[in-house]
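Good morning, colleagues. I should like to take you through one structure, beginning with a pair of helices and then moving outward to domains and chains. Please look at the model as it appears.

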Amino acid sequence: MKLEVTRVIDDEGRVLHPEREPALSSDELRRLYRTMLLVRILDERMLRLRMQGRMGFYLTSLGEEATHIGAAHALRDADWIYPAYREIGAALFRGYPLGTFMCQLFGNSEDPVKGRQMPVHHSVKRLNFVSVSSPVGSHIPHAVGTAWAAKLQKTQDVALAFFGEGASSTPIFHVSANFAALYKVPAILLCRNNGWAISVPSSGQTATPTFAQKAIAYGMPGVLVDGNDILAMIHVVREAAARGRRGEGPTLIEARTYRRGAHSSSDDPSKYRDPAEPKEWERRDPIDRFLKYGQARGVFDAEFVAHTRQEINREIGEALIYAESRPPKPPLHSLFEDVYAEIPRHLREQAAGLEAEIARHGEKVPPRG
Amino acid sequence: MRTVAFREALNEAIAEEMEKDDRIFLMGEEVGHYDGAYKVSKGLLKRFGEKRVIDTPIAEGGFVGVGIGAAMVGLRPIIELMTWNFSFVAADQLINNAAKIRQMSGGQFTLPIVFRGPGGSAHMLAAQHSQSTEALWAHIPGLKVVMPANPKDAKGLLKSAIRDNNPIVFIEGEVLYADQGEIPDGEYTIPLGVAEVKRPGTDITLIGWSKMVKIALATADALAAEGIEAEVVDPRTIRPLDEELLVESVKKTKRCLIIEEGWPFNGVGAEIAYRIGRRCFDDLDAPVERLTGADMPMPYNHHLEQQCIPDVPRAVAAAKKLLYLE
Ligand SMILES: Cc1ncc(C[n+]2csc(CCOP(=O)(O)OP(=O)(O)O)c2C)c(N)n1
Ligand SMILES: [Mg+2]
């Protein structure tokens, strides 16, 4: 089976397929560039923070920025996004404030999820951006369910789930794909094939040459796209969303990209992969390619690029000062909230018990490290 | 005797058994080229090759089930779960299949299979990565549940688990992997279902397993400084449970505190408390007490998390309460 890789521009940013080129205004181009650069710089800074021990855990999307920022641009704000964990740019694109982003990483008193979740699991209901679950793949059926609800309620919204190629091995991915196609829901299953699942290469997940072709077995279109070409991402996600809104059902998209960084701040890829490989992918950097495209269109001049970088650095600096100066812990009583819709009797008793304990012995002091 | 880390003790157990019996293979995510997420399988791929040390796709429901199928026809799989937190996606295979196939087939099929991996909270990993799952597995007839607390027990119990002809849930405390401890030089095993007195004492029995043994021992140290001699008993296997040794200890000390990292409701401690209450009713000088994890999903923030896990000061206070010293 041979699928064409959908591209709009080449590695030098030259337009290969004008018929697919999304018509974007100069402002839109600048916003896309800015968001990609923001994610790039933010990832660098946050990873450094992690290395300095100022925060517990981090994951970057180095080299994969175009996949999700392109997709976010192609969707409407009312559409639902279920990210895995390398798609924070989609929330930032929709206006997630940097200060809040960092409070989540610290799990501090202004973390919108109240210090409950691991860093990078941002949930922003008001932006229709939901990340709750750590077991890989477990959010995919939620996107299908949300799409199903949109269909039942005739809202015209679509739901998009991002997941890695590794997650395509989970049973729940297959169940979700089957359900989505069978019930013809407006879902987009977007597989970020970044070549690796921790130390396992993508060839260790499946015997098929592409992930996109799995769509055929479930009865939906499968699309292969250059994930480092943001214009191609916008093109294919727009088409998939339009199909969904027309009532024609789901689409599976495989975005070919590459995880240039470590899996997470706890991983060291030099142990299992040839460093020449990520180096090679630097030549296909999604931000550089898009920059060249924008320059050729006369939108990105040197001043814009320098100014954007400066502004991003300043904003990150300010957000960090803000987040690090918030009280580091959510109120103790918050522990007892949200376990159930109402605080049940046994938890009210525990809360009272904890208060009494603290009155006698003081709060438990966390160990260092 | 020599000193090894907990993870090395497990590695030795697997390697020694694989050396002796070529029906044994190890399968799971990242167990081969990566040496395991927690380096338990270090060097095993090199030593035994790709047919016996198998990296899988991310599909717990898949490789747990595949392991079961291989065990049904005579192989002896060791299935590594990257953590027990992800075993839930394989719950149907574990609960409806591994635990029941022997019984449902009228004894025709035997399942000599070990499911192993880290469990418990490991500090700042939040709700889906910090769960103590032993109470769930111990609830299921057909499964044995093993939880070593130190390198010596880890090696001896894992070897017994691999040789056992039943499906075994083997839970390794995620924060224990780097712990050092002495183990015997030569070949040894520790039978499943046999508890151990980790510290003898006369005044109160502290029961804990896996990493709670460390809390219990530290609690006993703190109590000793105040002239109270606590006996620390580690069941080592949750199922089958060595009720006799627990009862014997409590009959002697007349007081019992169970320290459990997991949730209280339907916890392992609840079961133990029932058994002790029933058999030691006339001996007890105070009701059996439990110190458990908080009854909620684990938060991430380290201040909050700390309030949710049993610690030594709380255990000391609970013990003194049972001794009517507070
Ligand atoms: C059910 C489950 N099994 C194992 C893991 C451990 N794990 C976390 S991320 C990961 C790799 C995921 O790879 P992929 O889906 O390709 O996403 P990527 O990290 O490349 O973006 C694994 C195995 C998990 N989180 N959930
Ligand atoms: Mg991947």
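In chain B of this predicted model, helix 9, residues 243-253, packs with helix 10, residues 268-280, at an angle of about 55°. The axes of helix 9 and helix 10 of chain B lie 10 Å apart. The two helices of chain B are therefore oblique to each other, and helix 9 of chain B passes helix 10 of chain B in a right-handed crossing.

Which residues make this contact? Helix 9 of chain B contributes Glu243(B), Leu246(B), Val247(B), Val250(B) and Lys251(B). From helix 10 of chain B come Ile272(B), Arg275(B), Ile276(B), Arg279(B) and Cys280(B). Sorted by class, this helix contact has 6 nonpolar and 4 charged residues, with no polar ones.

Let us now turn to the domains. Chain B is divided into domain 1, spanning 2-183, and domain 2, spanning 196-322. Their contact takes 23 residues from domain 1 of chain B and 23 residues from domain 2 of chain B. On the side of domain 1 that touches domain 2, at least two residues each are supplied by helix 6 (134-138), strand 6 (144-146), helix 7 (151-163) and strand 7 (168-173) of chain B. That side of domain 1 of chain B has 15 nonpolar, 5 polar and 3 charged residues.

Finally, the two chains. How many residues does each chain bring to their contact? Chain A gives 34 residues and chain B gives 31 residues. On the side of chain A, helix 12, residues 345-361, gives the most, with 5 residues. That side of chain A has 16 nonpolar, 15 polar and 3 charged residues.

Technical notes. Residues numbered from 1 in each chain as written. Chains lettered and ligands numbered in written order. Predicted model: local features only at pLDDT ≥ 70, side-chain atom pairs only at ≥ 80, totals over all residues. Contact = placed C-beta atoms within 7 Å. Helix = DSSP H or I, 4+ residues; strand = E, 2+ residues; numbered from the N terminus. Nonpolar A, V, L, I, M, F, W, Y, C, P; charged D, E, K, R; others polar. Domains from an automatic or database assignment. Axes fitted to C-alpha atoms, helices over the stretch in contact; angles between N-to-C directions. Parallel < 35°, antiparallel > 145°, perpendicular 65-115°, else oblique. Left-handed = near helix turned anticlockwise from the far one by under 90°.
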